[in-house]
Amino acid sequence: MSNHLLSPFPFLLIFLFSPTNLAQSPAQAPAAPAVPVAPATPAVPVAPTPSGGPPNVTAILEKAGHFITFIRLLKSTQTDTLIRNQLKADSSNGITVFAASDNAFGNLSTGALNSYSDEQKAQLAKFHLISSVLSISDFQTVTNPIATEAGRDIPMNVTESGNQLNITTGIVNTTVTGTIYTGNQLAVYQVDRVLLPLHFFSTPAPAPAPEPSKPKKKAPAPTGLSSDTSVSFSGAVLVIQRGLGVVSFAGFLVAGLVLCG
C-alpha cells in the first residue's frame, strides 16, 4: 500500500506545473500595437442662401450650361437687369423665362441675330419672358394669346398637352424640352427654338398714295364788267363820269380800259 502511495504520477504532475517549466513554455506573439485613428473631419456647414434677394437668372443659366448666346442676349439688352429689378419690386407675380439653348440659336439663318437692330434684340429677349411665374400645370388654365414682356401687341400661344407645352408665335412652333429652375418667384424652361415674333417678318402695308392735286380754278371776272370794249388814251387827264360816281386818272398812260356795260 505504501508503494502505491509513492507512485511517480503525482511527481510528474508537480514537475509539469512547476514555475520553471511554465517559464520555458513558448510565449504567445505580442499583439500588434493599435494604429491610432485620425479624428473625423467635422462637416462644414453650408452657408444659408441670403434671404430677401431674388434668384439670379443668368447664374441659373450658367450653371445649367449651353445657354451662352441667350445669356449674352439678356446682358447686352439689359434684360437681366429688368428681371432682377422686377423681381425685387414685385415678388408676388414673378417671371417665367423660356430660355433658348445654344442649339436653338444655331438653327437660325446665318447672321440673323446680328442683323437685328438694338430695339429688335431687346424685343426678342423680352418676348421670351412672361410677367408671372407659371408652373407646367398652370398653363392648363391660362388664356391665349399670352402677353409677354415685349408688349400685348406681340402675343404668343401656349397650350398644354399632358406634360408637354407647345408654343406658337405665328412664325415658330416649338415645345418646352426641360425644366431648368422653378421657385416662388422664377420659373425657367428650356425651348429648342428661338421664339421669333411675327412682326419681325411681317411686311408693313405701304403708305397710301397722295391724292392728285386738283387744278386751280381761275378767279371769276368781276361782276358787271364786260370785255368787249377797249379804249387807248394818251393824255394828262381822263375823267369819266357816270351816274353819281366819278373816276379820275391823271398822269398815266392807259393801255386798256374796260368800261361798265
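Two residues are in contact when heavy atoms of theirs lie within 4.5 Å. Keep that in mind on this walk through a predicted model.

**First stop: helix α9**

Select residues 118-126, which form α9. Here K121, A122, Q123, L124 and A125 are buried. What lies over these buried residues? Show α5, α6, α8, β2 and β4, which are among the elements that cover them.

**Step back: the whole chain**

Now show everything as a cartoon. You are looking at nine helices and nine strands. The chain has 261 residues, and buried ones make up 27% of them. Its accessible surface comes to about 18600 Å², with 58% of that belonging to carbon and sulfur atoms. Contacts can also be sorted by how far they reach along the sequence: among those between residues at least 6 apart, 61% join residues at least 24 apart.

**Second stop: helix α5**

One of the elements covering α9 was α5, so it is a natural next selection: residues 68-76. Its buried residues are T69, F70, I71, L73 and L74. To see what covers them, add α4, α6, β1, α7, α8 and α9, which are included in the cover. Then click on Q78, just after α5, where phi is positive at about 60 degrees.

**Third stop: the sheet**

Hide the helices for a moment and colour the strands. Seven of them form an open sheet in the order β2-β1-β7-β6-β5-β4-β3, and the pairing is mixed. β2 (129-130) and β3 (146-148) are at the edges with a single partner strand each, so each has one side without a neighbour in the sheet.

Let us cross the sheet from the β3 edge:

- Select β3 and β4 together. They are antiparallel and share two bridges, and a hairpin of two residues joins them. Look for T148, which stands opposite G151 in β4.
- Move on to β4 (151-161) and β5 (164-168), an antiparallel pair with five bridges. Two residues lie between these strands in another hairpin, and G162 in the turn has a positive phi of about 70 degrees. Beside that turn, S161 stands opposite Q164, while E160 has L165 as its bridge partner in β5.
- Next, pick β6 (173-182), which runs antiparallel to β7 and is joined to it by five bridges. The two make a hairpin with three residues between them. Y181 stands opposite V188 in β7.

**Fourth stop: strand β7**

Stay with β7 and select residues 186-191. Is this strand buried or exposed? Six of its six residues are buried, so β7 is largely enclosed by the rest of the structure. In a regular strand, side chains alternate between the two faces of the sheet. Turn the view to see both sides of β7: L186, V188 and Q190 are buried on one, and A187, Y189 and V191 are buried on the other.

Bring in β1 as well. It pairs with β7 in the parallel sense, over six bridges. One pair to find is I95 and its bridge partner in β7, L186.

**Fifth stop: G94**

From I95, step back to G94, in the loop between α6 (79-89) and β1 (95-100). Its relative accessibility is 3%, so G94 counts as buried, the cut-off being under 20%. Which residues does G94 contact, leaving aside neighbours within four places in sequence? They are L87, I130, S131, S132, V133 and Q185. Try the distance tool on the C-alpha atoms of G94 and L186: they are separated by 5.6 Å, although the two residues are 92 apart along the chain.

**Last stop: a cavity**

Rolling a probe the size of a water molecule over the atoms shows where empty space is left. In the whole structure, a search finds one cavity of 30 Å³ or more. The volume of the largest cavity is about 40 Å³.

To find the place, select P55, N56, V57, T58, D80, I83 and R84, which line the largest cavity. Helices α4 (57-64) and α6 each supply at least two lining residues, and the largest share, three residues, comes from α6. Colour the lining by class and you will find three nonpolar, two polar and two charged residues.

Technical notes: Residues are numbered from 1 along each chain as its sequence is written. This is a predicted model: local features need pLDDT of at least 70, side-chain atom pairs count only at pLDDT 80 or more; totals for chains, interfaces and linings use all residues. Side-chain values use heavy atoms; hydrogens and water are left out. Helices (H or I, at least four residues) and strands (E, at least two) are DSSP runs, numbered from the N terminus. Buried means under 20% relative accessible area, exposed over 50%, partly exposed in between (1.4 Å probe, protein chains only). Accessible areas come from the Shrake-Rupley method with a 1.4 Å probe; for residues, only the protein chains shown count as cover. Two strands pair if DSSP finds at least two bridges between them. On a 1 Å grid over the protein atoms alone, a cavity is a set of points where a 1.4 Å probe fits but cannot get out, and a pocket is an open set with protein on both sides within 12 Å along at least five of seven lines; lining residues have an atom within 4 Å of a point. Grid points are joined across faces, edges and corners, and a volume is the space filled by probe spheres set on the points. Ala, Val, Leu, Ile, Met, Phe, Trp, Tyr, Cys and Pro count as nonpolar, Asp, Glu, Lys and Arg as charged, and the others, Gly among them, as polar.
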